[in-house]
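Visitor: I should be grateful for a close look at one part of this structure, explained step by step for a newcomer.

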Amino acid sequence: MRGDSAEAERWTRALDLVRGRNIEADAETGPLFDNPPPDSDPEVLTRLRQMYEAGGWVLVESAVADLPADLRWLFESDAVTIEQLGTIHRALGVTSAADLAAAVREHKVRGLPGLDAAAETAIGAALPTLRARIPPISLGRAVSIAETMLEAIRAVPGVVWAMPVGSLRRGQDMVGDIEILAPTDEPAAVIDAILRLPASSHMLHRSERRLYVVADRVQIGIRLPEPAHAGADLLYLTGSSAHFEALRARAAAGGLTLSSDGLRASDGTVTRAATEADIYTALGLPLIPPEIRNGDEEVELASRGALPTFVARGDIRGDLHMHTVWSDGRDSTAAMVEGCRALGYEYMAITDHSPHSRAARNLTIDGVKQQAEEIAGLREQYPDITILHGCEVDILPNGRLDFTDQVLEEFDIVLASLHERAGHAPEQLMKRYASAMRHPLVTLITHPTNRILPSRRGYDLDYDRLFAQAVDTGTLVEIDGAPSHLDLDGALARRAIAAGLTVSINSDCHRAEMLGRQMDLGVVTARRGWVEPRHVLNTRSVADVRSVIAAKRGPR
Ligand SMILES: [Zn+2]
Ligand SMILES: [Zn+2]
């Protein structure tokens with residue numbers, strides 16, 4: 001580690017060890033880890049092996065060269081050598097593709113030892129490749145990776161708080177960088193704690209208040225500012241840059257200067273920096289929720305006091321979409337009930353897949369009856385929560401539903417889903433949706449775009465038309481919190497409520513332990529869509545939920 005000579009010496013030896021060797025199979029000496037050189041340091045070897053397993057050979061080499069993981073892809077190109085990259089990193093503090101792009105744009109690279117204008121141009125040209133090689137990761141994965149790190153940091157004495165920043169804090173469905181901010185007067189204690197975590201391979205210790213590690217093949221940046229300054233850092237690093245620009249313009253209009261250092265008066269003194277709320281207050285604004293900091297209209301609306309209160313996790317009174325071992329869930333119905341009770345819900349719906357769904361296991365018609373009996377037993381056992389017996393029925397290629405009406409009538413709630421495109425063009429998909437929504441027993445359309453993050457795009461439909469049809473038929477749409485769905489996303493959810501729709505925010509959970517996390521993700525996504533409690537079915541009582549279902553079913 002930099003700043004520690006014994007550690008530095010170790011890394012120099014590690015560099016000698018791996019340079020020019022193929023870790024997997026060296027022709028002359030055999031694989032490195034199986035046949036280490038006799039004088040090699042066992043601790044260094046263990047660390048190298050961990051890194052190799054976490055991120056492959058490039059990760060080992062960049063670690064040994066003391067480079068941040070997000071730059072490692074660049075030295076695979078011919079544009080730059082690992083030594084040049086090390087020079088840029090150390091001289092300019094460049095740690096990410098974005099930093100490097102800025103340095104190239106501002107011509108800070110030329111003139112560094114061993115780097116001329118031609119080298120700078122070549123790096124600039126290779127940058128798009130670098131960016132393409134650092135794919136964004138899904139919000140769900142980012143949250144779970146950051147969580148371990150956040151827990152470890154929060155447990156260190158002296159840490160005031162620890163929070164993710166950037167696109168992760170804004171709840172964007174694909175996250176660019178994982179960065180964590182944790183104000184403290186004792187940064188060394190935090191760094192020690194992080195380096196002791198089994199999950200983190202040490203990548204870079206750039207300064208006493210910044211650290212980069214790799215966990216689960218993803219780079220995590222940790223910044224440890226002085227507490228007096230942390231609000232300014234939090235605001236600046238959360239972004240978005242468009243939101244920050246809008247705040248900066250507002251500050252300038254009032255004779256103030258807003259920068260990453262905080263808010264300055266005209267005489268240059270920093271007036272506000274300790275908390276985000278301080279800075280917003282000084283700008284005459286309420287604290288604007290991170291999820292809507294997009295720089296479109298939120299600052300202007302907030303300045304007029306016209307920003308609504310968005311739905312929060314505490315508003316959620318039940319979860320209406322989850323799976324059990326009766327279809328492709330991992331846990332029993334009882335385990336899901338226990339999980340929902342632990343979250344304090346008043347009600348829940350068990351909604352397994354219908355027979356023709358492509359899920360790994362499906363509910364059969366016999367299964368429906370047996371499940372109903374099981375649920376009747378659980379209702380007696382757990383009188384403190386209302387258990388609705390529902391299903392997530394497939395919308396078949398002909399637009400019909402995958403259970404007969406006689407079967408569907410027995411359910412307390414029917415969710416309908418278009419899981420399978422069946423080769424259909426958008427117009428045919430719209431017809432299938434329309435026919436399902438006209439069905440009086442269908443209360444809710446689940447994950448309407450049917451995208452799979454990060455790989456599969458959603459259906460390319462005229463969603464405003466779909467939402468209008470949903471309003472006409474009295475059908476609700478879902479904001480699905482499963483990490484692979486987050487569907488509707490924020491932008492579509494905003495259009496849905498603008499069309500007058502009620503949404504339901506559900507976990508679509510397949511494992512009891514994830515019920516809370518997936519509901520969180522659903523709520524964050526809804527907040528990105530400016531959704532208020534009044535727009536959400538499951539902020540209401542179970543009696544209200546039942547009457548929404550009954551209203552569409554009509555007199556029976
Ligand atoms: Zn589904
Ligand atoms: Zn589902």
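Guide: What follows describes a metal site and then a pair of helices, in a model that is predicted.

The zinc ion (ligand 1) has three residues as its protein donors: Glu 392 through OE, His 419 through NE2 and His 447 through NE2. These donors lie 2.1 to 2.2 Å from the zinc ion (ligand 1). Along the sequence, the spacing of the donor residues follows the pattern E-x26-H-x27-H. A second metal belongs to the picture, for the zinc ion (ligand 2) is 3.3 Å from the zinc ion (ligand 1), and Glu 392 coordinates both. Glu 392 and His 447 link distant parts of the chain, being 55 residues apart. Glu 392 belongs to strand β13 (residues 386-394), whereas His 447 sits in the loop between β15 (444-445) and α17. Both Glu 392 and His 447 are buried.

The loop that holds His 447 lies between β15 and α17, and helix α17 may be considered next. Helix α17 covers residues 463-473 and packs with helix α18, residues 490-498. Their axes are 9 Å apart and form an angle of about 45 degrees. Angles of 65 to 115 degrees count as roughly perpendicular and those under 35 degrees as roughly parallel; α17 and α18 are therefore oblique to each other. Their crossing is right-handed. On the side of α17, the residues in this contact are Tyr 463, Asp 464 and Phe 467, and they meet Leu 492, Arg 495 and Ala 496 of α18. Sorted by class, the contact of α17 with α18 comprises four nonpolar and two charged residues, with no polar ones.

Terms used. Residues are numbered from 1 along each chain as its sequence is written. Chains are lettered from A and ligands numbered from 1 in the order in which they are written. This is a predicted model: local features need pLDDT of at least 70, side-chain atom pairs count only at pLDDT 80 or more; totals for chains, interfaces and linings use all residues. Side-chain values use heavy atoms; hydrogens and water are left out. Axes are lines fitted to C-alpha atoms, for helices over the stretch in contact, and angles run from 0 to 180 degrees between N-to-C directions. Helices (H or I, at least four residues) and strands (E, at least two) are DSSP runs, numbered from the N terminus. Angles under 35 degrees count as roughly parallel, over 145 as roughly antiparallel, 65 to 115 as roughly perpendicular and the rest as oblique. A crossing is left-handed if the near helix is turned anticlockwise from the far one by less than a right angle, and right-handed if clockwise. Contact means heavy atoms within 4.5 Å. Ala, Val, Leu, Ile, Met, Phe, Trp, Tyr, Cys and Pro count as nonpolar, Asp, Glu, Lys and Arg as charged, and the others, Gly among them, as polar. Donors are N, O and S atoms within 2.8 Å of the metal (3.2 Å for Na, K and Ca); water is not among the atoms, so sites may look incomplete. Buried means under 20% relative accessible area, exposed over 50%, partly exposed in between (1.4 Å probe, protein chains only).
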